[in-house]
Amino acid sequence: MPQISITQVDAFSAQPFRGTPAAVCVLAVAADTSWMQSVALEMNLSETAFLVPEDGGYELRWFTPVMEVDLCGHATLASAHVLWEEGHLSSDAEAVFHTRSGLLRASRRGEWIELDFPALKPTAIDPPPALVEALGATPLFVGEAPHFFLVELGSVDAVRSLEPDLRALLQFEHNGPIVTAADTDGFDFVSRFFAPAAGLDEDPVTGSAHCVLCPYWAERLGKTEMTGFQASSRGGVVRVRLVGERVILGGQAVTTLRGELFA
């Protein structure tokens, strides 16, 4: 197999070693799914993205170390960053991605990258007792959206100090919990996201989770433009804007590593 370049990017951060790291491979032709899954396992990051030129844009697929996923914000942001930085696209060109979640677009706005994603409005549900027990916290609200539970807690401190039973969360194979609270100290809301069933005990910064957070907090706070902070140990800032049935996610990115694959 010819050498294939791979780039590691810290997404939703302007500083190295913050935000969420993602690996990005830009391929000339489509690769075998099992090979892409093996590369993702080897990289052992929350997501590895693979891009192949298609219909004036790029086919984009995302893999955790254990599975392919339908939507990933930070690896999309990292992919757009790599396309511009490595000269695959001109600096003023829009990045267009064909994905399992439909057509996604990315644009540069100064030092920020904006992603056009679908809004995933959560539907209120009765709190599943097993979920409440696994989180070890009393929710103010529990909702469900594709691939996510949304759990609002009563304070930022409750979100930051949460220590869920990750083993118990394994039973929720298709829905990882986003835990969130309103903030009054520099951000509109804070959040954390846990997905041990997808190989991620806690994701540092989750772009796709903000597709759920944005419509939820837009309704609760009465505003369509907000800034969220994901309060993981690495931490990251995500700007969100609700536009009809779409969410515009804003973030920054920085390259931390480039290498070659030999297998």
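1. Let's start with D55. D55 counts as exposed, at 68% relative accessibility (exposed is over 50% relative accessible area, buried under 20%, and partly exposed in between, using a 1.4 Å probe and protein chains only). D55 sits in the loop that links β3 and β4. Those two strands make a hairpin with two residues between them, and D55 in the turn has a positive phi of about 50°. The C-alpha atoms of D55 and R241 are separated by 28 Å, with their positions 186 residues apart along the chain.

2. A word on what you're looking at. This is a predicted model, in which local features need pLDDT of at least 70, side-chain atom pairs count only at pLDDT 80 or more, and totals for chains, interfaces and linings use all residues. Residues are numbered from 1 along each chain as its sequence is written, and side-chain values use heavy atoms, with hydrogens and water left out.

3. Now the strands around that turn. Helices (H or I, at least four residues) and strands (E, at least two) are DSSP runs, numbered from the N terminus. β3 is mostly covered, with six of its eight residues buried. On one side, β3 runs antiparallel to β4 and is joined to β4 by seven bridges (strands pair if DSSP finds at least two bridges between them). Within that pairing, P53 stands opposite Y58 in β4.

4. β3 also pairs with β2 (residues 20–26), this time in the parallel sense over five bridges. Here C25 stands opposite F50 in β3. The chain goes from β2 through α1 to β3, a right-handed β-α-β crossover (right-handed if, with the strands pointing away from the viewer, the path from the first strand over the helix to the second runs clockwise).

5. What about α1 itself? In this helix (residues 33–43), the buried residues are W35, M36, Q37, V39 and A40. Their cover includes β1 (4–11), β3 (47–54), β4 (57–63), β5 (68–69) and β18 (253–261). Just after α1 comes N44, with a positive phi near 55°.

6. Which residues touch the most other members of the largest nonpolar core? They are W62, A95, F97, A106, I178, V240 and L249, in a core of 55 residues. A second, separate core has 18 residues, including V151, L153, L162 and F194. (A nonpolar core is a set of buried Ala, Val, Leu, Ile, Met, Phe, Trp, Tyr and Cys residues joined through side-chain atoms within 4.5 Å.)

7. On cysteines: how many disulfides does a search of the whole structure find? Zero, taking a disulfide as a pair of cysteine sulfur atoms within 2.5 Å. For C72, the closest cysteine sulfur is in C211, 10 Å away, so too far for a bond. C214 also has its closest cysteine sulfur in C211, at 8.2 Å, which is too far for a bond. C72 is buried at 4% relative accessible area, and C214 is buried at 0%.

8. Finally, the whole protein. There are six helices and 18 strands. The radius of gyration is 18 Å, close to the 18 Å that the globule rule gives for 263 residues, so the protein is as compact as a globular protein of that length (the radius is taken over C-alpha atoms, and the rule is 2.2 Å times the number of residues to the power 0.38). Buried residues make up 56% of the 263. Of the contacts with a separation of 6 or more, 63% are between residues 24 or more positions apart, a contact being heavy atoms within 4.5 Å.
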